[in-house]
Amino acid sequence: MKLAYWMYAGPAHIGTLRIASSFKNVHAIMHAPLGDDYFNVMRSMLERERDFTPVTASVVDRNVLARGSQEKVVNNITRKDAEEHPDLIVLTPTCTSSILQEDLQNFVERAQLEAKGDVMLADVNHYRVNELQAADRTLHQIVQFYIEKARKKGELPEGKTAKPSVNIIGISTLGFHNQHDSTELKRLMADLGIEVNAVIPEGASVHELKNLPRAWFNLCPYRELGLMAASYLEAEFGMPYVDITPMGVVETARCIRKIQQIVNAQGADVDYEDFINEQTLHVSQAAWFSRSIDCQNLTGKKAVVFGDNTHAAAMTKILAREMGIHVVWAGTYCKYDADWFREQVSEYCDEVIITDDHGQIGDAIARVEPAAIFGTQMERHVGKRLNIPCGVIAAPIHIQNFPIGYKPFMGYEGTNQIADLVYNSFTLGMEDHLLEIFGGHDTKEVITKGISAESDLNWTKDGLAELNKIPGFVRGKVKRNTEKFARERGIKDITVEVLYAAKEAVGA
């Protein structure tokens with residue numbers, strides 16, 4: 001548990017609520033004090049949902065604390081069961097209410113005696129895991145619950161589907177472009193002659209979960225969500241899974257070849273090489289665009305990448321391997337899975353950064369002065385302060401990252417979207433000259449002393465006046481170079497003379 005005004009991954013209960021509200025006809029009861037119940041507002045705003053989010057807060061207040069919350073929680077569960085008729089009610093505490101150490105499993109068992117639907121406690125340690133880990137664990141728990149329930153009733157279907165089929169695991173509400181990725185992955189499977197047996201959790205019914213073992217294999221496009229459920233299905237039913245994220249031309253082809261290997265091992269006879277060549281040459285525009293004269297301007301330009309494991313690793317590979325861009329450093333906030341990330345990106349960047357401290361990332365960006373940033377909304381804010389363009393590639397995200405238009409990041413159409421995002425994130429060609437001619441559009445005085453909140457340096461009135469004469473698009477760089485020059489020489493006050501001396505020192 002950590003107090004912070006910015007978190008890359010939210011607390012555990014947000015992950016559980018994302019899974020519960022992704023399924024059809026599943027209701028979540030959140031055992032929480034007022035203030036922890038912002039999920040409804042967040043999801044309704046970001047996903048632009050027309051329907052009410054199926055999450056109810058069972059509020060912990062002073063009266064509940066005085067009497068104990070069992071009666072209130074049980075009543076809320078049975079009331080929602082009668083009102084909404086859900087197939088499943090998931091009870092989750094928040095990290096705050098977990099402090100009470102109540103026996104919530106007992107509450108669930110009591111409510112189950114009266115409820116017509118199923119009732120489950122999200123089995124998540126709220127002190128040890130974050131939103132992403134909790135979502136993965138909750139999905140696995142729900143899948144296991146309904147597989148075992150069907151097995152006890154003798155309702156578990158036997159045998160595989162007649163044609164090759166797949167379960168796509170990990171498409172969730174509040175995921176970065178998840179809905180569009182899902183559509184693109186379904187199209188890709190159809191092109192490969194593979195039926196989609198199920199997509200979970202988004203839009204799925206819990207009653208369909210017993211049919212998961214009928215698929216020939218599972219596809220887990222996101223590292224953060226779905227691997228626990230896929231590993232469970234592999235252990236129980238021997239179902240192979242593909243965990244290669246089909247982002248970019250190279251990785252999409254690698255994912256398809258892995259699928260070919262798996263279905264052929266189960267009796268199919270497919271060869272996808274012609275399909276891969278056709279898509280790479282004619283459907284994906286990224287392959288030829290990255291070799292065009294426009295993209296030649298990007299070769300060797302410096303960029304930094306930061307996000308969740310899935311998107312940061314994929315984007316690092318695309319920039320370095322497919323577009324010839326120099327990735328100075330790549331980073332992730334998924335500290336719990338750091339070894340995998342290092343293994344994936346080490347050969348494609350100069351440095352790997354693993355942290356969930358946004359201040360450290362802001363300073364790392366300021367230190368290397370990249371031509372573009374590819375990160376989360378937080379890095380976009382940093383980029384605005386430093387006057388460095390940023391393409392958003394991962395959550396945390398803003399409403400603008402839930403586009404109404406079709407913008408997948410996966411599959412061959414996804415390669416086109418990523419190529420556009422990369423190209424448009426750099427300041428290129430004529431734009432540089434126009435900014436120089438017209439002085440940019442930043443005419444405000446510099447009021448910050450660096451990307452970090454604190455600074456040990458003071459700009460004098462004449463130094464600041466001279467700094468503000470410098471065109472906006474290079475002012476940030478000049479300011480930081482001057483401050484670096486001053487620190488190295490122990491200078492506390494930056495006057496106009498110090499500014500000129502720093503300029504001479506860097507040969508500008």
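At the start of helix H6, a side-chain oxygen of Asn-130 comes to within 3.0 Å of the backbone nitrogen of Leu-132. The model is predicted. The points below cover helix H6, an open parallel sheet, a β-α-β unit and the aromatic pairs.

**Helix H6**
- Helix H6 spans residues 131–153, which is 23 residues.
- From its first C-alpha to its last, H6 reaches 33 Å, close to the 33 Å expected at 1.5 Å a residue.
- Gly-154, just after H6, has a positive phi of about 70°.

**Open sheet S6-S5-S7-S8**
- Four strands form an open sheet in the order S6-S5-S7-S8, and the pairing is parallel.
- Strands S6 (195–201) and S8 (241–242) are at the edges with a single partner strand each, so one side of each has no neighbour in the sheet.
- Strand S5 (residues 165–171) pairs with S6 in the parallel sense over 6 bridges.
- Val-166 has Val-196 in S6 as its bridge partner.
- As background, strands of a sheet pair through backbone hydrogen bonds, in either a parallel or an antiparallel sense.

**β-α-β unit**
- Strand S10 (residues 326–332) and strand S11 (residues 349–354) run parallel and are joined by 5 bridges.
- Gly-331 stands opposite Ile-353 in S11.
- Together with helix H14 (residues 338–345), S10 and S11 make a right-handed β-α-β unit.

**Aromatic pairs**
- The structure holds 7 aromatic pairs.
- In one of them, the rings of Tyr-8 and Tyr-333 have centres 5.1 Å apart and planes at 5°, so this pair counts as stacked.
- The Tyr-8 and Tyr-333 pair links distant parts of the chain, 325 residues apart: Tyr-8 is in the segment before helix H1 (12–22), and Tyr-333 is in the loop between S10 and H14.
- Tyr-8 has a relative accessible area of 5% and is therefore buried, the cut-off being under 20%.
- Tyr-333 is also buried, with a relative accessible area of 5%.
- Phe-374 and Phe-426 form a tilted aromatic pair, at 6.1 Å centre to centre and 55° between the planes.
- This pair also links distant parts of the chain, with Phe-374 in strand S12 (residues 372–375) and Phe-426 in the loop between helix H17 (411–425) and helix H18 (430–438), 52 residues apart.
- Phe-374 and Phe-426 are both buried.
- Tyr-8, Phe-306 and Tyr-333 are linked by ring pairs into a cluster.

Key: Residues numbered from 1 in each chain as written. Predicted model: local features only at pLDDT ≥ 70, side-chain atom pairs only at ≥ 80, totals over all residues. Heavy atoms only, no water. Pairing = 2+ DSSP bridges. Helix = DSSP H or I, 4+ residues; strand = E, 2+ residues; numbered from the N terminus. Expected span 1.5 Å × (residues − 1). Polar contact = N/O pair within 3.5 Å; in protein donor to acceptor, adjacent residues only side chain to side chain. Right-handed = clockwise from strand over helix to strand, strands pointing away. Phe/Tyr/Trp six-rings, centres within 6.5 Å; stacked < 30°, edge-to-face > 60°. Buried < 20%, exposed > 50% of the residue type's maximum accessible area, 1.4 Å probe, protein only.
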